[in-house]
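User: I am new to this structure and would like a close look at a single part of it. Please take the part I name after the display, and then set it in its wider surroundings.

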Amino acid sequence: MRLLQLMLVSFVFVGAAFAQQQPPAPKITFQAPSYKKALEQFLPKWDANKNDRLDRDEIAALLRDGSIRSIEAAALATSHFWFLKSPDKKSATLSELISDIKETMAFANGSLTNIFKMEKEYEFYLVHLFTSSREMFGSKKLGIDGISQGHMGNCFFVSMAGNLAFQNPDAIRNMIKPNEDGSNKVEFPDGRSVRINKLPEAVIALGSRTGNQGTWINLLEEAYGEVYKPIAPGDTAAIGLDRISRGGNIGETISLLTGHQSDTIAWKSGLPEDLLNIRYLLGKGVKNKSLMGAGVPLDLKKPPPAIVVGHAYAVLNYDEAKDLITLWNPHGNDFKPMGPEGFINGYETKGGVFTLSSRDFSFLFNYLFVETNKPISNKR
């Protein structure tokens, strides 16, 4: 079997570029000012040096301010997102902050252009804040139900954290140790740990949603970004979530969340000899109750409806008898095909969950990661 050990530079997702492919936030049913009106209200307060502009350094300081809440936090999160998508800008006027951003990503066989609409981002963050529990573990059972990845391009992490909550919710709970001062210590099974202060609402807004499951995934997103801080001396990321938004890989995340190595297989779409390896590795993973994930290549031509290119998915199950794979898209989307399921019409999806044959899987995806029972060699 052609199993490849994961290399750090391989299979990196830069998923922030695909935020527009995520399902839209529910409609706001309460009165809220527009993003422009919110900025007109809050920017004078945020403008510490009184230069009639919002500086990147001012944003960085404000993101840690726990007193900024509700509509102000949503407006702050939107302004921060604008700066993330405008890396060459050190400051911006109000008119610049409300302007939409065009971003083009080039790859081997072409390019993909996205338009980020700031008013829509603001609405997305408002809904997140007004519909999410502030408890660490809310009223719902931990799992994938209600999880929806934010717009920070960290599908490689959310897919695996959600998968772990689905398979072993106690493993999530055991990582998080509350402190008396309101902070939390996150102890990852790979041996690394980090202390995270109580999350400000702007940071929660920028992260993923869990419905009423609580803020545990926001804490783990921030912790993941923070444990990699020593790897990038001089990093100017304002929060750990900024770092995680730059991309990462599934295998590295599996090791972080389990303390185990992962087996990896990569293939060219649809080659028969690789299909046997895919089935074998999936069957082995199900038998061992392994954490598993797979990725759709960025250059996949004419993907089926609701299949996102350059995106990471969790593998929840493989039924060998029926040769069917159950996957979860961390966008948490719903989709109903306009005709028979398959390449042309797509796959019926509920809460991000859908099923397809291993042959279809081999054409749509091009790599698979499966947790092993081998401890990672550099456990800290």
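Which residues does Ser208 touch, not counting residues up to four places away in sequence?

Analyst: The model is a predicted one, and what follows should be read with that in mind. Leaving out residues up to four places away in sequence, Ser208 touches His128, Ser148, Gln149, Gly150, Asn154, Val158, Ile217, Asn218 and Glu221. Ser208 itself is found in the loop between helix H8, residues 201-206, and helix H9, and H9 covers residues 216-227. Ser208 counts as buried because its relative accessibility is 1%, the cut-off for buried being under 20%.

Helix H9 also holds Glu226, a residue that counts as buried because its relative accessibility is 14%. Apart from its neighbours within four places in sequence, Glu226 is in contact with Arg64, Val194, Ile196, Ile239, Gly240 and Arg243.

For the wider setting, the protein chain has 13 helices and 13 strands, and 54% of its 380 residues count as buried. Among the contacts in the chain with a separation of 6 or more, 69% are between residues 24 or more positions apart.

The aromatic rings give a second view of how parts of the chain meet, and a search of the whole structure finds 14 aromatic pairs. One of them is formed by Tyr35 and Tyr122, a tilted pair with 5.6 Å centre to centre and 35° between the planes. This pair links distant parts of the chain, since Tyr35 lies in helix H1 (residues 35-46) and Tyr122 in helix H5 (residues 118-131), 87 residues apart; both tyrosines are buried. Another pair, formed by Phe343 and Phe363, is edge-to-face, with 6.0 Å centre to centre and 85° between the planes. Here too distant parts of the chain are linked, with Phe343 in the loop between strand E11 (324-328) and strand E12 (353-357) and Phe363 in helix H13 (residues 358-364), 20 residues apart. Phe343 counts as partly exposed because its relative accessibility is 35%, and Phe363 is likewise partly exposed, with a relative accessible area of 34%. Beyond these pairs, Trp267, Tyr313, Tyr347, Phe354, Phe361 and Phe365 form one aromatic cluster, while Arg173 lies over the face of Phe137, at 4.7 Å from the ring centre.

There is also a pocket to consider, the second largest, with a volume of about 490 Å³. It is lined by 21 residues, of which Arg56, Phe83, Leu84, Pro87 and Arg246 are the closest to its centre. Helix H2 (56-62) and helix H3 (70-84) each supply at least two residues of this lining, which divides into 11 nonpolar, four polar and six charged residues.

Two lysines deserve a note on their backbone. Most residues other than glycine have a negative phi. Lys289, although not a glycine, has a positive phi of about 55°; its place is in the loop between helix H12 (272-287) and strand E9 (292-296), and Lys289 is exposed because its relative accessible area is 69%, the cut-off for exposed being over 50%. Lys302, also not a glycine, has a positive phi of about 50° and lies in the loop between E9 and strand E10 (311-319), where its relative accessibility of 80% makes it count as exposed.

Definitions and conventions: Residues are numbered from 1 along each chain as its sequence is written. This is a predicted model: local features need pLDDT of at least 70, side-chain atom pairs count only at pLDDT 80 or more; totals for chains, interfaces and linings use all residues. Side-chain values use heavy atoms; hydrogens and water are left out. On a 1 Å grid over the protein atoms alone, a cavity is a set of points where a 1.4 Å probe fits but cannot get out, and a pocket is an open set with protein on both sides within 12 Å along at least five of seven lines; lining residues have an atom within 4 Å of a point. Grid points are joined across faces, edges and corners, and a volume is the space filled by probe spheres set on the points. Helices (H or I, at least four residues) and strands (E, at least two) are DSSP runs, numbered from the N terminus. Ala, Val, Leu, Ile, Met, Phe, Trp, Tyr, Cys and Pro count as nonpolar, Asp, Glu, Lys and Arg as charged, and the others, Gly among them, as polar. Rings of Phe, Tyr and Trp (its six-membered ring) pair if their centres lie within 6.5 Å; planes under 30 degrees apart count as stacked, over 60 as edge-to-face and the rest as tilted. Buried means under 20% relative accessible area, exposed over 50%, partly exposed in between (1.4 Å probe, protein chains only). A charge sits over a ring if NZ of Lys or CZ of Arg is within 6 Å of the ring centre and within 35 degrees of the ring normal. Contact means heavy atoms within 4.5 Å.
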